[in-house]
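Let's take a walk through this structure together, one helix and one loop at a time. Keep the view open as you read.

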Amino acid sequence: MKSKIPAILIFSRLIIGFTIIVLSIFKVEDYQVIAIVLLSIGLLTDIFDGIIARHLNISTQKIRRLDSTVDQVFFISAGVATYIQCPEFFSENIYKLIILVGAECLIYIVSFFKFKKEVATHSIGAKIWTLLLFATLIQVILQCQSVLLFNLCFWIGLLTRAEIIAVLLILKKWTNDVPTVYHAIMLRQGKTIKKHKIFNG
């Protein structure tokens with residue numbers, strides 16, 4: 001049963017993401033509070049699914065790939081729900097959002113073109129950006145606007161997307177959990193990289 005916990009946590013994010021969309025569509029009372037709680041739970045499942053999988057020694061490529069894919073669906077769901085609530089924010093920032101989404105799509109295009117697999121690098125930069133994205137979503141949900149935080153999220157997002165693309169181009173074969181470009185270079189040279197049991201196993 002323990003071995004199923006990471007998968008349960010991963011799939012729970014799908015349920016949470018779709019639930020937030022439904023709640024947004026029906027404009028339920030206290031939506032903001034409920035959405036923030038659900039987003040927070042989703043973020044915690046994202047943190048602990050990998051930690052638990054590594055602790056149980058079941059952090060396989062399949063699990064890591066599934067984790068990355070579900071992460072995308074989860075945040076897309078959160079974005080859709082937020083758009084329903086605050087369309088004006090998206091209208092005001094449409095060009096930056098298009099650029100950011102385009103950069104994210106480019107990562108997958110590069111990965112599928114080179115390795116025929118989706119991205120699962122789980123870089124340190126990407127983890128930091130996830131936290132910024134989470135904080136930005138919270139601010140938009142509460143205020144239907146975000147300036148400084150959104151701009152920081154935008155530029156850090158572009159930088160981390162560029163780093164992931166660089167990692168993919170450097171690697172000779174598909175590899176999950178590559179913390180930085182430096183580690184990608186080490187892997188390309190045939191060296192073994194040290195991974196943290198908790199953060200990047």
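A residue counts as buried when its relative accessible area is under 20%, as exposed when it is over 50%, and as partly exposed in between. Keep in mind that this is a predicted model.

With that cut-off in hand, start at Lys-27, which sits in the loop between H1 and H2. Its relative accessibility is 55%, so Lys-27 counts as exposed. The backbone is worth a look here too: phi of Lys-27 is near 45 degrees, a positive value in a residue other than glycine. Most residues other than glycine have a negative phi.

Lys-27 comes just after H1, so to speak of the neighbourhood, step back into that helix. Helix H1 covers residues 5-25, 21 residues in total. From its first C-alpha to its last, H1 reaches 30 Å, close to the 30 Å expected at 1.5 Å a residue. Many names appear among its buried residues, including Leu-9, Ile-10, Arg-13, Ile-16, Gly-17, Ile-20 and Ser-24. As you compare their positions, recall that an α-helix has 3.6 residues a turn, so residues three or four places apart point the same way. What covers the buried residues of H1 includes H2 and helix H3, residues 61-85.

Now follow the chain into H2. How do helix H2 and helix H6 pack? H2 (residues 31-55) and H6 (residues 124-143) meet at an angle of about 170 degrees, and their axes are 10 Å apart. Angles over 145 degrees count as roughly antiparallel, which makes H2 roughly antiparallel to H6. On the H2 side, the contact is made by Gln-32, Ala-35, Ile-36, Leu-39, Ser-40, Leu-43 and Asp-46. H6 contributes Thr-130, Leu-131, Phe-134, Ile-138, Ile-141 and Leu-142. Sorted by class, this contact of H2 with H6 has nine nonpolar, three polar and one charged residues.

Our last stop is the loop between helix H7 (148-170) and helix H8 (181-188), where you will find Thr-180. Asp-177 lies in the loop between H7 and H8 as well. Is Asp-177 buried or exposed? At 1% relative accessibility, Asp-177 counts as buried. Phi of Asp-177 is near 55 degrees, a positive value in a residue other than glycine. Thr-180 counts as buried because its relative accessibility is 19%, with the cut-off at under 20%. Leaving aside residues up to four places away in sequence, Thr-180 touches Ile-124, Glu-163 and Val-167.

Notes
Residues numbered from 1 in each chain as written. Predicted model: local features only at pLDDT ≥ 70, side-chain atom pairs only at ≥ 80, totals over all residues. Heavy atoms only, no water. Axes fitted to C-alpha atoms, helices over the stretch in contact; angles between N-to-C directions. Helix = DSSP H or I, 4+ residues; strand = E, 2+ residues; numbered from the N terminus. Parallel < 35°, antiparallel > 145°, perpendicular 65-115°, else oblique. Contact = heavy atoms within 4.5 Å. Nonpolar A, V, L, I, M, F, W, Y, C, P; charged D, E, K, R; others polar. Expected span 1.5 Å × (residues − 1). Buried < 20%, exposed > 50% of the residue type's maximum accessible area, 1.4 Å probe, protein only.
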